[in-house]
Amino acid sequence: MVMHREHRFLIDCGEGTQRQILRSGLGFKRLQKILITHGHLDHILGLGGLLSTLTRWEAIEHVEIWAGRAPLRRIRELLFGVVFRGERAQLRIELKELAAGLVAESNSFELHAFPVTHRGGHCFGFSFQEKPRRPFMEEKAAALGIPQGPERRELVQGRAVTLLGGAVVLPDEVLGPAEPGTKLVHVGDAGRTDDLLEHCQGADALIIEATYLQREAELARRFGHLTAMQAAELARAADVRRLYLTHLSRRYRERDVLAEARAVFADTVVARDLDQFQVKGEK
Ligand SMILES: [Zn+2]
Ligand SMILES: [Zn+2]
């Protein structure tokens, strides 16, 4: 789950997701956008249970599920061919087809989707990018005699204000140069990284799969997955701040995965179920 201010995005919904949402204490509140990286069952099978619970949960009236074309077809079959067959779901479920580009936007951030290469096709990754912000310079404002209050809000929003004595203050006088916002990139299963580089560039957080270790690179290639080393090489090439590995195979020990990745990219963590991380840009 990616959370930003009042916005929540669930990314993928494997079996057991509903139970983990409950265990995490996050609950179902405002859970209105579900983003699906691709249509393999370990990424969508939990939608049946979750959606069937949400229909009984009166606080939510509608849910959007975003996925590429083929995954969306599979989700439609799962939900309307099996889970809600012959019944009317109490809740409005909107199935939205992903395309590369802007998916959602608020006044503080943009969410973009980009294509990912993996078995099955129509796979997408997601980039959450805060809009650049110009910091308010306290000292300059104080020197200009701008009182605490609505004048400051006006200036931050880019409007000139007239002070009590008649002086006019322009936003440029109290706003510093624009600072880029925080960027978080999520990639699900992926068979290669060269086509991901530009989308991951400069991310404060890159969340990506690492199903295999390099000693089984041949298996990784055959099944369209990454090794921990490949994920780390991408993080290094894209100059990301921190790498979060997910989708680990049970056949490896976590410390071996970490060791392989950290040899290439030091700031790597393995994200476990129910972990929570705060992602902040450099200030
Ligand atoms: Zn997959
Ligand atoms: Zn998978």
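A salt bridge is a side-chain nitrogen of Lys or Arg within 4 Å of a carboxyl oxygen of Asp or Glu. In this predicted model, lysine 96 and glutamate 94 satisfy that criterion, their side chains meeting at 3.6 Å, N to O. This report treats the salt bridges first, then the two zinc sites, and finally the domains.

## Salt bridges

Side chains of opposite charge can pair when their charged atoms come close. A search of the whole structure returns 17 salt bridges. Three of them are set out below.

| Acidic residue | Basic residue | N to O distance |
|---|---|---|
| Glutamate 94 | Lysine 96 | 3.6 Å |
| Aspartate 194 | Arginine 192 | 2.8 Å |
| Glutamate 254 | Arginine 272 | 2.9 Å |

The pair formed by glutamate 254 and arginine 272 involves two separate elements. Glutamate 254 belongs to helix 11, while arginine 272 is found in the segment after strand 14 (268-270), so this pair ties together parts that are 18 residues apart in sequence. Arginine 272 counts as exposed because its relative accessibility is 52%, whereas glutamate 254, at 29%, counts as partly exposed.

Salt bridges with shared partners also join Arg92, Glu94 and Lys96 into one network. Within this network, lysine 96 is partly exposed at 26% relative accessibility, and glutamate 94 is likewise partly exposed, at 23%.

In the remaining pair of the table, aspartate 194 has a relative accessibility of 54% and therefore counts as exposed. Its partner, arginine 192, is partly exposed at 38%.

## The site of zinc ion (ligand 1)

Which residues coordinate the zinc ion (ligand 1)? The donors are His38 through NE2, His40 through ND1, His118 through NE2 and Asp189 through OD, at 2.1 to 2.3 Å. Along the sequence, these donor residues follow the spacing H-x1-H-x77-H-x70-D.

Why is the arrangement around the zinc ion (ligand 1) irregular? The four donor atoms subtend angles of 88 to 167 degrees. Four donors count as tetrahedral if all angles lie between 85 and 135 degrees, and the upper end of the range at this zinc ion (ligand 1), 167 degrees, falls outside that window, so the tetrahedral label does not apply.

Histidine 38 sits in the loop between strand 3 (33-35) and helix 2 (41-44), and histidine 118 in the loop between strand 7 (109-116) and strand 8 (123-130); the pair therefore ties together parts that are 80 residues apart in sequence. Histidine 38 counts as buried, with a relative accessibility of 1%. Histidine 118 is buried too, with a relative accessible area of 9%.

## The site of zinc ion (ligand 2)

The zinc ion (ligand 2) is held by Asp42 (OD), His43 (NE2), Asp189 (OD) and His247 (NE2), at 2.1 to 2.3 Å. Aspartate 189 bridges the zinc ion (ligand 2) and the zinc ion (ligand 1), and the two ions lie 3.6 Å apart. The donor spacing along the chain for the zinc ion (ligand 2) is D-H-x145-D-x57-H. The four donor atoms give angles of 90 to 164 degrees, and the site is irregular.

Aspartate 42 is part of helix 2, and histidine 247 lies in the loop between strand 13 (242-246) and helix 11 (254-262), so this pair ties together parts that are 205 residues apart in sequence. Are aspartate 42 and histidine 247 buried or partly exposed? Aspartate 42 is partly exposed, at 45% relative accessibility. Histidine 247 is partly exposed as well, at 27%.

## Domains and selected helices

The protein is divided into domain 1 (1-98), domain 2 (108-131 + 178-283) and domain 3 (138-173). The C-alpha centres of domain 1 and domain 2 are 23 Å apart. At their interface, 21 residues of domain 1 contact 21 residues of domain 2. About 1800 Å² is buried between these domains, with carbon and sulfur atoms giving 69% of that area. The rule finds zero salt bridges across this interface.

Helix 3 (residues 47-54) is mostly covered, with seven of its eight residues buried. Among the buried residues of helix 3 are Leu47, Gly48, Leu50 and Leu51. Arginine 23, by contrast, lies in helix 1 (residues 17-24) and counts as exposed, at 53% relative accessibility.

Methods:
Residues numbered from 1 in each chain as written. Chains lettered and ligands numbered in written order. Predicted model: local features only at pLDDT ≥ 70, side-chain atom pairs only at ≥ 80, totals over all residues. Heavy atoms only, no water. Donors = N, O, S within 2.8 Å, 3.2 Å for Na, K, Ca; no water. Tetrahedral: all angles 85-135°; square planar, octahedral: opposite > 155°, others 65-115°. Helix = DSSP H or I, 4+ residues; strand = E, 2+ residues; numbered from the N terminus. Buried < 20%, exposed > 50% of the residue type's maximum accessible area, 1.4 Å probe, protein only. Domains from an automatic or database assignment. Contact = heavy atoms within 4.5 Å. Buried area = accessible area lost by both parts, 1.4 Å probe.
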